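Look over the model below before reading on. We will go from one residue outward to cores, cavities, pockets and turns.

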Amino acid sequence: MLKPAPRNSLVAHAIEALRAELAKGTWQIGERIPPEASLAAMLGVSRNTIREAVRVFAHSEVLEVRQGDGTYVRRNTDPAETVRRISQAGLRDHLELRCMLEVEAARLAASRRTEEDVVRLTRLLAERGSSADGQVDAFISRDVAFHVAVADASHNRSLAEFYRYFSEAIRLHMSETLADRRLPEPGEAEHRAVLDAIARGDAEAAAAAARRIVEPMSAKLTELLRAQAARI
């Protein structure tokens with residue numbers, strides 16, 4: 001059951017309460033949720049607070065407000081919350097997921113790329129440069145742009161869109177990996193191997209090259225975490 005909100009952060013509480021009910025399927029997709037007055041009474045907040053919370057979910061297309069009819073469920077998961085949880089996941093989890101996505105994106109890209117894709121990837125790799133120039137944020141943006149283009153070249157819309165979505169978490173974690181000099185940083189040669197394999201249509205070579213970009217970082221991180229645990 002929905003519980004009354006604490007007096008502080010009423011909108012935030014309402015958002016969390018509604019998100020929890022949506023996630024556990026209290027209201028199914030296509031179903032109309034209770035009206036503002038009912039939700040306000042359940043949570044012990046004003047109708048305006050409920051209206052603000054609903055507006056947040058409508059913006060992320062979790063809910064659909066139909067004027068004169070009510071508010072309906074469009075999806076049970078909140079994309080913004082999903083990205084937040086991915087961003088807060090541990091670095092090892094992040095690197096493992098990134099490896100899965102980039103390996104399969106490269107594999108498909110090698111099989112499906114167009115000449116325009118190869119031209120785009122060649123340009124983005126030339127622009128990528130190195131983190132050694134000191135402009136870390138700009139470098140991260142250029143690196144992410146290259147990998148997003150690989151996902152686009154897979155011509156799998158779901159994969160490309162999910163990777164683009166995931167790339168926001170990549171930006172956050174890349175700063176951490178670049179700052180830790182114990183973790184190997186993949187350079188132009190590793191990225192060039194991905195591009196070359198995609199260009200010649202060698203799916204397995206492209207997948208292997210993409211794996212060589214991320215796996216060394218993941219393996220080194222695992223080694224460091226085990227060493228840390230042994231000292232505790």
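With which residues is R98 in contact, leaving aside its neighbours within four places in sequence? This is a predicted model, and the answer is computed from it. The contacts of R98 are D143, H147, Y163, F166, I170, M174, V214 and M217. R98 itself sits in helix α5. Its relative accessible area is 5%, so R98 counts as buried, the limit being under 20%.

Two of the names in that contact list come back in the cavities. M174 and M217 are in contact with R98. M174 and M217 are also among the residues closest to the centre of the largest cavity. H147, another contact of R98, is in the lining of the second largest cavity.

Now take the cavities in turn. Rolling a probe the size of a water molecule over the atoms shows where empty space is left. The structure holds two cavities of 30 Å³ or more. The largest has a volume of about 110 Å³. It is lined by 13 residues, and those closest to its centre are M174, L178, E185, P186 and M217. Two elements, α7 and α8, give two or more residues to this lining. α8 gives the most, with three residues. By class, the lining of the largest cavity has seven nonpolar, two polar and four charged residues.

The second largest cavity holds about 30 Å³ of space. E102, H147, V150, V194, A210 and I213 line it. Here α7 and α10 (203-231) each supply at least two residues. The lining of the second largest cavity divides into four nonpolar, one polar and one charged.

V150 leads on to the nonpolar packing. It lines the second largest cavity, and V150 is also one of the residues with the most contacts inside the largest nonpolar core. The others named there are L121 and I198. This core has 44 residues. At least two residues each come from α5 (91-112), α6 (115-128), α7, α8, α9 (188-199) and α10. α10 gives the most to this core, with ten residues. How does V150 fit in? Leaving aside its neighbours within four places in sequence, V150 is in contact with A105, A106, A109, L121 and I198. Apart from this core lies another, of 18 residues, including A17, L18, W27 and F57.

Next come the pockets, which are open. The largest pocket has a volume of about 330 Å³. It is lined by 18 residues, and E36, V54, V65, G70 and T71 lie nearest its centre. α2 (36-43), α3, β1 and β2 each supply at least two residues of this lining. The largest share, five residues, comes from α3. The lining of the largest pocket divides into eight nonpolar, four polar and six charged residues.

The second largest pocket holds about 170 Å³ of space. Its lining is L91, E176, D180, R182, L183, L221, L224, L225, A227, Q228 and R231. α10 gives the most to this lining, with six residues. So α10 recurs: it also gives the most to the largest nonpolar core. By class, the lining of the second largest pocket has six nonpolar, one polar and four charged residues.

Return to the strands that help line the largest pocket. β1 and strand β2 (residues 70-73) pair in the antiparallel sense over four bridges. L63 has V73 of β2 as its bridge partner. Three residues lie between the strands of this hairpin, where G68 takes a positive phi near 80°.

Which residues other than glycine have a positive phi? E61 is one, with phi near 65°. E61 lies in the loop between α3 (47-59) and β1 (63-66). Its relative accessible area is 40%, so E61 is partly exposed. H155 is another, with a positive phi of about 55°. The place of H155 is the loop between α7 (136-153) and α8 (157-179). H155 is partly exposed as well, because its relative accessible area is 44%. Both loops border elements already met: α3 and β1 in the lining of the largest pocket, α7 and α8 in the lining of the largest cavity.

Conventions: Residues numbered from 1 in each chain as written. Predicted model: local features only at pLDDT ≥ 70, side-chain atom pairs only at ≥ 80, totals over all residues. Heavy atoms only, no water. Buried < 20%, exposed > 50% of the residue type's maximum accessible area, 1.4 Å probe, protein only. Pairing = 2+ DSSP bridges. 1 Å grid on protein atoms, 1.4 Å probe; cavity = no way out; pocket = protein on both sides within 12 Å on 5 of 7 lines; lining within 4 Å. Points joined across faces, edges and corners; volume = space filled by probe spheres on them. Nonpolar A, V, L, I, M, F, W, Y, C, P; charged D, E, K, R; others polar. Core = buried A, V, L, I, M, F, W, Y, C linked by side-chain atoms within 4.5 Å. Contact = heavy atoms within 4.5 Å.
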